[in-house]
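Please open the structure in a viewer and keep the sequence panel at hand. The tour below proceeds by selection, one region at a time.

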Amino acid sequence: MARRIGSRYTAHQILGRGSAGTVWLGEGPDGPVAIKLLREDLSSDQELVGRFVQERTALLGLEHPHVVSVRDLVVDGNDLALVMDLVRGTDLRTRLDRERRLAPEAAVAIVADVADGLAAAHAAGVVHRDVKPENVLLDMQGPLGPGGSHRALLTDFGVAKLIDTPRRTRATKIIGTPDYLAPEIVEGLPPRASVDIYALATVLYELLAGFTPFGGGHPGAVLRRHVTETVVPLPGIPDELWQLLVQCLAKAPASRLRASELGARLRELLPMLAGMPPLEVDEPDTEAEEEAGEDAPVPAPAAGEPVRRRGAVPLVPGAKPSDSNRDTHTSMRVPAPDELAGGARGTARAPRAAGAPRPGSARNRAVARRRRLTLAVAAVLLAAAGVGTWLATAEDDATPPRDTRHSAPATP
Ligand SMILES: Nc1ncnc2c1ncn2[C@@H]1O[C@H](COP(=O)(O)OP(=O)(O)OP(=O)(O)O)[C@@H](O)[C@H]1O
């Protein structure tokens, strides 16, 4: 089902779908290409057309081994398409879904590649604004790097903006993917290069842990955690790597490393990480996520938007969940200060060493209830023996810790 795109390109086969359109494997005058074709029903939307134009414009002249270059923009009747370098491989989300967690060496090698790509973009004045595993492509035709990892390339600069150009997005809207949004974006500040560092550090954490540090539950709850909670250490992570992560997840943008420095520091760690197996981290407590979605006061998504896992609603107006391969974006209003001041409720998915008890889980609460019941019965039986004081203390000890182990409030 070949399809002509403009006068120079032919689209042969669908590679994948995003919220704004479909990516095709195509052919151009210089060989195979990837063609991102805007959905027909959207190509008449001037705002989206502008976004497409921006995606290419932002990348003009940006050539780097770790960035997917945009080669051409085609406007032809109802067709609006971006022509990109073809990357033969898969995206990082697909690999992560398959492997659940990556060995630290492979994770660090991939993230170092992306940091190098970001360094080039930042030097050209471009902020990506949507760094996430979906937007990292792995070139499976090239040689393997450290830890058996493939060369990683950053793609989809669809929401990228030239630094310091007038903002096209209204100040009251957040555009991006909740799990990876830097706190200053949530607070309504203009995005600088450091938001990409925060997002990339979130990706690194996710590759190591199998889940993001502040994800889970309602998108509004996720946004608030970025502002109010600090990241909890991953069991077994080498200290040098953890320190880098903490620095790049700093709430204060100025405290984060620059992309070029992050890339260099990560590469320095590679020899130390060689041969290290994936960290043993248990799945997060999904029950806590659900509870968070139910009772946390959060900014409302736009009318009609469903609350979905990974906190995603379509970025593109009119896009339905089925329009995309995955749940990826949000377009929400910036939370008001009092909503953010609600504070950490300890609902973030939290790392737990494999086999360690799960604070706050149904199983754990049931165990705690049973222990309290046993102690209460014992109290009745032993009251006459005058050991009530001991029991009161014991019951306090048996109460599972509130979720404070999951998430420490951020230090100001
Ligand atoms: N340059 C490329 N070469 C090869 N495959 C690509 C290329 N760009 C995108 N793809 C494939 O197409 C899929 C869809 O990409 P697209 O950028 O449209 O969506 P996304 O980033 O997954 O989601 P969204 O745009 O909603 O954030 C990707 O997951 C990837 O598998």
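The stops that follow go from the whole chain to its sheets, the ligand and several helices.

**The whole chain**

Begin with the entire protein chain in cartoon representation, bearing in mind that this is a predicted model. The protein chain contains twelve helices and 15 strands. Its length is 412 residues, of which 45% count as buried. Among contacts between residues at least 6 apart in sequence, 72% join residues at least 24 apart.

**The six-stranded sheet**

Next, select strands E1 to E6. These six strands form an open sheet with antiparallel pairing, and the order to trace across it is E1-E2-E3-E4-E6-E5. Strand E1 (3-5) and E5 are the edge strands, each pairing on one side only. From one strand to the next, the twist averages 40°.

Within this sheet, isolate strand E3 (residues 21-28) together with E4. The two run antiparallel and are joined by eight bridges. Displaying Gly26 brings up a residue that stands opposite Val33 in E4.

Move then to strand E5 (residues 70-76) and strand E6 (residues 79-84), an antiparallel pair joined by six bridges. Which residue of E6 is the bridge partner of Val74? Selecting Ala81 shows that partner. At the turn of this hairpin, two residues lie between the strands, and Gly77 takes a positive phi near 60°.

**The ligand and its shell**

Select the ligand and display what surrounds it. The shell comprises 25 residues, and the closest are Gly16, Gly18, Ser19, Val23 and Ala34. Colouring the shell by residue class gives nine nonpolar, nine polar and seven charged residues. Strand E2 (9-17) and strand E4 (31-38) each supply at least two residues of this shell. The largest share, three residues, comes from E2.

**The three-stranded sheet**

Turn now to strands E7, E9 and E10. They form an open sheet in the order E7-E9-E10, with antiparallel pairing. E7 and E10 stand at its edges with a single partner strand each, so one side of each has no neighbour in the sheet. Neighbouring strands here are turned by 25° against each other on average, direction ignored.

For a detail of the pairing, select E9 and E10, which pair in the antiparallel sense over four bridges. Leu137 has Leu153 in E10 as its bridge partner.

Add helices H2 and H3 to the view. H2 lies across E7, E9 and E10 and runs at about 80° to E7. H3 lies across E9 and E10, running at about 40° to E10.

**Helix H2**

Centre on helix H2 (residues 92-99) and show its side chains. Leu92, Arg95 and Leu96 are buried in this helix. They cover an arc of only 100° around the axis, which puts them on the same side of H2. The general rule behind such a pattern is that an α-helix has 3.6 residues a turn, so residues three or four places apart point the same way. On the other side of H2, Asp97 and Arg98 are exposed.

To see what the buried residues of H2 pack against, display strand E7 (89-91), H3, strand E9 (136-139), strand E10 (151-154) and H5. Finish this stop at Arg100, which follows H2 and has a positive phi, near 70°.

**Gly125 and its surroundings**

Proceed to the loop between H3 and strand E8 (126-127), where Gly125 lies. Is Gly125 buried, exposed or partly exposed? With 14 C-beta neighbours inside 10 Å, Gly125 counts as partly exposed. Select Ala193 as well: although 68 residues separate it from Gly125 along the chain, their C-alpha atoms are separated by 8.5 Å.

**Helix H7**

The last stop is helix H7 (residues 239-248), in which Leu241, Leu244, Leu245 and Cys248 are buried. Viewed down the axis of H7, the buried residues fall within an arc of 100°, so they line one face of the helix. Rotate to the face turned away from this buried side, which carries the exposed residues Asp239 and Gln243. To reveal what covers the buried residues of H7, display elements including helix H3 (104-123), helix H5 (193-209) and helix H8 (259-273).

Notes: Residues numbered from 1 in each chain as written. Buried ≥ 20, exposed ≤ 12 C-beta atoms within 10 Å, placed from the backbone. Arc of directions from axis to C-beta. Contact = placed C-beta atoms within 7 Å. Pairing = 2+ DSSP bridges. Near = placed C-beta within 6 Å. Nonpolar A, V, L, I, M, F, W, Y, C, P; charged D, E, K, R; others polar. Axes fitted to C-alpha atoms, helices over the stretch in contact; angles between N-to-C directions.
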